[in-house]
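Subject: A structure for you to look at

Hello,

Here is the structure I promised to pass on. Please open it alongside this message and follow along as you read.

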Amino acid sequence: MVAVENEADLRVKSMDIQHPIHQLSTREEQEFQYNPRVSCPEFEAANANHIAANARSSARLKGRRDIAYGTHPLHRLDIFPAVGAQAPVHIFIHGGYWRAQDKANYAFVADMLVGQGITAVIINYELCPASTLGGVVASALEGIAWVRRNIADHGGNPHNITLSGHSAGAHLVAEALATDWSAHGIETPFITGALAVSGIFAPYPAAHISVNEQLRLTDELIAIHDMERKPVLVDCPIALAVGGLEPWHWIDQTFRYFHHLHRQGRRPDLLVANGFNHFDIQAQFIASGTAIGAACVALAHGKPVPWSGDLSRISA
């Protein structure tokens, strides 16, 4: 497994009184701001658009599914090759607050990418509570490492791999950017761009709401996996996006990570997608003409993120 670096140096006190969650006086306010299923109770309806698109994409796409990258039952990934050799590669990492969701629900992301000449990889990873957050992160990194080592056998370019992730998947993208891949015998640079959408970049607030019943976060895990504190080691273009209808504290997580990147001399692109909540923003991955779809395509092809795509909702 790919290990997390410098664990001892990252330990901080669990009671971070500076964290914005402590501006909220009640548990109900904390749940609303940091639990998307509470702030968007109509999440099933919000998901309906991309669920319908996913069914069509899954039936249409040709590829290799459920390839094992490790021994755990969730160490699996799907590869959807683009036409032609040495195609750019894009890895999508799903969300679910490190405890839910499955790659099978995101074939629509691959459909959009393959149509733009990009080999798509959708990965699964270990989930809480069966695994700790440490196991979640290590397995996602191992999946990325497997792609780097093996994607050439599937027509992809192992030196041109971009990443995107939604929600907890955005956190795992940030973990990949904070990993010293050369220490694991992997040539760098191979990650050539990254997009993090509606991310939670520090586990700390999750320890204070109901999801922690499944996450079982400890002080050590919170400190090790706080992406607002970890140095970014991968030098590549980075884009951040968040829904304008998400609660302010959730939006602020993206702004906090944006500031973290700036403090390290990075210049990430930032988009607040007005009119979108935490769940229906995923429909932006359906088509390359949306702002988020266009960003994925631009990063994969080594072009600047346009942030000028059509932000209107995509019909199912």
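Before we start, a word on "contact": two residues are in contact when heavy atoms of theirs lie within 4.5 Å. Please also keep in mind that this is a predicted model.

Let's begin with two helices. Packed helices are described by the angle between their axes and the distance between those axes. For helix H3 (residues 43-60) and H4, the axes come within 7 Å and cross at roughly 60 degrees. The crossing is left-handed. Which residues of H3 meet H4? They are His50, Ala53, Asn54, Ser57, Ser58 and Arg60, and on the H4 side they meet Ala107, Phe108 and Asp111. Sorted by class, this contact has three nonpolar, four polar and two charged residues.

Now for the sheet. Eight strands make up an open sheet with mixed pairing, in the order E1-E2-E4-E3-E5-E6-E7-E8. Strand E1 (64-68) and strand E8 (269-273) are at the edges with a single partner strand each, so one side of each has no neighbour in the sheet. From one strand to the next, the twist averages 20 degrees.

One pair to find is strand E6 (residues 191-197) with strand E7 (residues 238-243), which run parallel and share four bridges. There, Ala194 has Ile238 in E7 as its bridge partner. Helix H6 (residues 168-177) packs on the sheet and touches E3, strand E5 (156-166), E6 and E7. The direction of H6 makes about 140 degrees with that of E5.

Finally, back to H4 (residues 107-114): this helix lies across strand E2 (76-80), strand E3 (87-93) and strand E4 (119-123), and runs at about 165 degrees to E4.

Enjoy exploring!

How values were computed:
Residues numbered from 1 in each chain as written. Predicted model: local features only at pLDDT ≥ 70, side-chain atom pairs only at ≥ 80, totals over all residues. Heavy atoms only, no water. Pairing = 2+ DSSP bridges. Helix = DSSP H or I, 4+ residues; strand = E, 2+ residues; numbered from the N terminus. Axes fitted to C-alpha atoms, helices over the stretch in contact; angles between N-to-C directions. Left-handed = near helix turned anticlockwise from the far one by under 90°. Nonpolar A, V, L, I, M, F, W, Y, C, P; charged D, E, K, R; others polar.
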